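User: I should like a close look at a single part of this model, set in the context of the whole chain. Please give one connected account.

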Amino acid sequence: MSTAVDVLIIGAGAAGLHCAATAAARGHSVVVIDHAKQAGKKILISGGGRCNFTNMYTSPENFLSQNPHFCKSALSRYTQWDFIALVQKHGIAYHEKTLGQLFCDESAKDIVRMLMDECDAAGARVQLRTEVLDVAYSDGRYQVKTSSGLVSAHKLVVACGGLSMPKLGATPLGYQLAEQFGHSIIPVRAGLVPFTLHDTDKEHYAELSGLAVDVVAENDRASFKEAMLFTHRGLSGPAMLQISSYWLPGEPLSVNLRPAADTYADLTELRQQRPRVGLRTVIQEWFPKRLALALCEQQGWPDKKLADCNNTLLSEVAETLQQWRIKPNGTEGYRTAEVTLGGVNTDEVSSKTMESKLQPGLFFIGEVLDVTGWLGGYNFQWAWSSGYACGQSV
Ligand code: FAD
């Protein structure tokens, strides 16, 4: 079977579906192909099944890219408010959870249904269970050999995402196609991903699995005030996922375990007010008991009355609690990462249209590009904005 269309989109994920509806609404014949059995698989499991579909405070500062200016044009032409208007048009109930993060009240299925309805209404066809076997370009058209036959298209949109979560269908096809047409790839790595710890640290903190504390996690490039979660493999929770995108192997992290406090001032004041109370007791008043004990044991802090603690000891305790240094062993990698950092070099792509500057009629949208958002709905917003910019220009 052979089909000829104006626009062929590879990837029925967030970016591909939104692009398809936008392009088809402009009168183009559009086909989206995907090797998965279901469209929008990541959307379906995102946000714990409720999809954190955008963030009210989206701005270019919430994105990582070798070219931080690249995302600006698309984000400003299709904003979080445009997507919220679409969600409202479809009668999908939603709420703000925290920090501007918008989630469906009911289910992420509502977002996939909305995108599929938009594709249907505009006449874009979504063809699942279709493998891409070969892509060639001749006489101004893309000839894409698939497991369901040949598709010939005037424009080819690469929307097949990054490498995170291979069990959900992630493959390197997008990067391979980019390289085939002469593009360079900014080295990829897992982002928004839990940390694993070295065995000695794991032993110390293993019993804390499931415990969460509000912290500031930082390095010299970024700082996030959110919750940190101890897991049986290491450290997770929003603060750790966020800082993981700014972390390089071998680097330590600094975690402020009492972000709202001046711990040295608190300790010296307590020494005056409650001199007979033990140092370990005070630490247990500040943290869940399991964490307090683990910290005291690991740091070797004595079980002394505050009156017997000199300024040097109190200053050491304060410094450790406000700048707890931990050196991760690594991350859990693409298996659990929410996103892939790096990707198609944005210097070789138009920020207005998402079209390749090297190859006519070839477009890249969504996560396959070297644009990665923070945790909190920013990655979907990038998928919607870049998908729209492309859909408007193909
Ligand atoms: P994808 O949505 O990944 O779509 C790519 C599509 O291409 C897939 O359907 C895939 O099957 C298809 N494909 C891949 N390879 C091939 C191939 N070889 N042949 C054919 N088809 C192929 N972001 C948020 O903003 N909010 C959240 O709440 C959120 N939660 C997340 C939770 C999890 C568990 C994960 C993994 C990610 C989450 N993200 C979230 C990130 C977000 O899902 C992605 O950034 C976004 O889906 C990227 O959109 P995309 O269209 O570029 O790629």
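Into which domains is the protein divided, and what does the part that surrounds the ligand look like?

Analyst: The model is a predicted one, and every statement below should be read in that light. The protein is divided into domain 1, made of residues 2-187 together with 341-393, and domain 2, which covers residues 194-331. The centres of the two domains, taken over C-alpha atoms, are separated by 40 Å. Their contact takes five residues from domain 1 and four residues from domain 2. On the side of domain 1 that touches domain 2, four residues are nonpolar, one is polar and none is charged.

The ligand shell comes next. The ligand is surrounded by 36 residues, and the closest are G11, G13, S46, G161 and G366. Two or more residues of this shell come from each of α1 (14-25), α2 (41-45) and α13 (378-393). Of the elements, α13 gives the most, with four residues. By residue class, the shell comprises 17 nonpolar, 14 polar and five charged residues.

Several strands can be described around β10, which spans residues 149-158. Strand β1 (residues 2-10) runs parallel to β10 and is joined to it by eight bridges; within this pair, L8 stands opposite L156. Strand β9 (residues 141-146) is also joined to β10, here by five bridges and in an antiparallel sense. V144 has V151 of β10 as its bridge partner, and a hairpin of two residues connects β9 to β10. A further parallel pairing links β10 to strand β20 (residues 362-364) through three bridges, with V158 opposite F364. As a general matter, strands of a sheet pair through backbone hydrogen bonds, in either a parallel or an antiparallel manner.

The UniProt record, in an unreviewed entry, places the feature "domain: RsdA/BaiN/AoA(So)-like Rossmann fold-like" at residues 6-392. Over residues 6-392 the chain is 33% helix and 25% strand, and the C-alpha atoms at the two ends of this range are 13 Å apart.

A separate sheet deserves description as well. It is an open sheet of seven strands in the order β17-β16-β13-β14-β15-β12-β18, with antiparallel pairing. The edges are occupied by β17 (324-326) and β18 (330-331); each has a single partner strand, so one side of each is left without a neighbour in the sheet. Within this sheet, strand β13 (residues 212-218) and strand β16 (residues 253-256) run antiparallel and are joined by three bridges. In that pairing A217 stands opposite V255 of β16.

Finally, some totals place these parts in the whole. The protein has 13 helices and 21 strands. Its C-alpha atoms fill a box of roughly 85 × 40 × 35 Å, taken along the principal axes. Of the 394 residues in the protein, 46% are buried. Among contacts between residues at least 6 apart in sequence, 73% join residues at least 24 apart.

Technical notes. Residues numbered from 1 in each chain as written. Predicted model: local features only at pLDDT ≥ 70, side-chain atom pairs only at ≥ 80, totals over all residues. Near = placed C-beta within 6 Å. Nonpolar A, V, L, I, M, F, W, Y, C, P; charged D, E, K, R; others polar. Domains from an automatic or database assignment. Contact = placed C-beta atoms within 7 Å. Pairing = 2+ DSSP bridges. UniProt positions renumbered as here; feature names shortened; annotations may be inferred. Buried ≥ 20, exposed ≤ 12 C-beta atoms within 10 Å, placed from the backbone.
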